[in-house]
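User: I'm new to this structure and would love a close look at one part of it, the nonpolar core and what sits around it. Could you walk me through that in plain words?

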Amino acid sequence: ESQRTNDAWELQQLEQRVTELKATLVGLEGSSQRLKSFDALAGGKLRCPRCWVLKGSIVDLIPNRDDDPGMVRCNRNGCGFKLQAP
């Protein structure tokens, strides 16, 4: 009986992992399409490629700091994308 319980638990874990992998695959397919359509300079503003590709969010890049000229960063909290502006 304990072996059956263990087997049932393992099967449930595997099914959950399959569901997670399918969701990841769908997300990656969406990311691929967003990457193809990325417009780095829209409306005269640089856009964050990471936020667009991973989440479909349009986020402007902003100057990093006064002591770091030429660098821009994503203004979305937690993104962390930085770039030397052209």
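Analyst: Sure, here's a walk through the core, the sheet beside it in the story, and a few residues further along. One thing to keep in mind is that this is a predicted model.

Let's start with the core itself. The largest nonpolar core has 8 residues: Cys 48, Cys 51, Val 59, Leu 61, Val 72, Cys 74, Cys 79 and Phe 81. As a bit of background, nonpolar side chains in soluble globular proteins tend to be buried together.

Val 59 is a handy member to look around from. Setting aside neighbours within four places in sequence, Val 59 is in contact with Leu 46, Arg 47, Cys 48, Cys 51, Cys 74, Asn 75 and Arg 76. Among those contacts, Cys 48, Cys 51 and Cys 74 are core members too.

Now, with those cysteines on the list, how many disulfides are there? The count comes to 0. Cys 51 is in no disulfide, and its nearest cysteine sulfur, that of Cys 74, is 3.6 Å away. Seen from the other end, the closest cysteine sulfur to that of Cys 74 is in Cys 51, and 3.6 Å is too far for a bond, because a disulfide needs the two sulfurs within 2.5 Å. Both cysteines are tucked away: Cys 51 counts as buried at 4% relative accessibility, and Cys 74 counts as buried at 5%.

Next comes the sheet. Three strands make up an open sheet in the order S3-S4-S5, with antiparallel pairing. Strand S3 (61-63) and strand S5 (82-84) are at the edges with a single partner strand each, so one side of each has no neighbour in the sheet. On average, neighbouring strands here are turned by 35 degrees against each other, direction ignored.

You can follow the pairing residue by residue, and some core members turn up again. S3 is joined to S4 by 3 bridges, the two running antiparallel. Leu 61, a core residue, has Cys 74 as its bridge partner in S4. On the other side, 3 bridges join S4 (residues 71-74) to S5, again antiparallel. Val 72, also in the core, has Leu 83 as its bridge partner in S5, while Met 71 is matched with Gln 84 in S5.

Just ahead of that sheet there's a polar residue worth a stop. Ser 57 lies in the loop between helix H2 (49-55) and S3. Is Ser 57 buried or exposed? With 16% relative accessibility, Ser 57 counts as buried, because the cut-off for buried is under 20%. The side chains of Ser 57 and Arg 76 are joined by a polar contact of 2.9 Å. Leaving out neighbours within four places in sequence, Ser 57 is in contact with Cys 51, Trp 52 and Arg 76. Arg 76 and Cys 51 are also among the contacts of Val 59, which ties this loop residue back to our starting point.

Finally, a look over at helix H1 (residues 2-36), where Leu 28 sits. Leu 28 counts as exposed, at 53% relative accessibility. The C-alpha atoms of Leu 28 and Cys 51 are separated by 14 Å, with their positions 23 residues apart along the chain. Gln 33 is found in helix H1 as well, and at 49% relative accessibility Gln 33 counts as partly exposed. From Gln 33 to Arg 47, C-alpha to C-alpha, the distance is 17 Å, and the two are 14 residues apart in sequence.

Technical notes. Residues numbered from 1 in each chain as written. Predicted model: local features only at pLDDT ≥ 70, side-chain atom pairs only at ≥ 80, totals over all residues. Heavy atoms only, no water. Core = buried A, V, L, I, M, F, W, Y, C linked by side-chain atoms within 4.5 Å. Buried < 20%, exposed > 50% of the residue type's maximum accessible area, 1.4 Å probe, protein only. Contact = heavy atoms within 4.5 Å. Pairing = 2+ DSSP bridges. Helix = DSSP H or I, 4+ residues; strand = E, 2+ residues; numbered from the N terminus. Axes fitted to C-alpha atoms, helices over the stretch in contact; angles between N-to-C directions. Polar contact = N/O pair within 3.5 Å; in protein donor to acceptor, adjacent residues only side chain to side chain.
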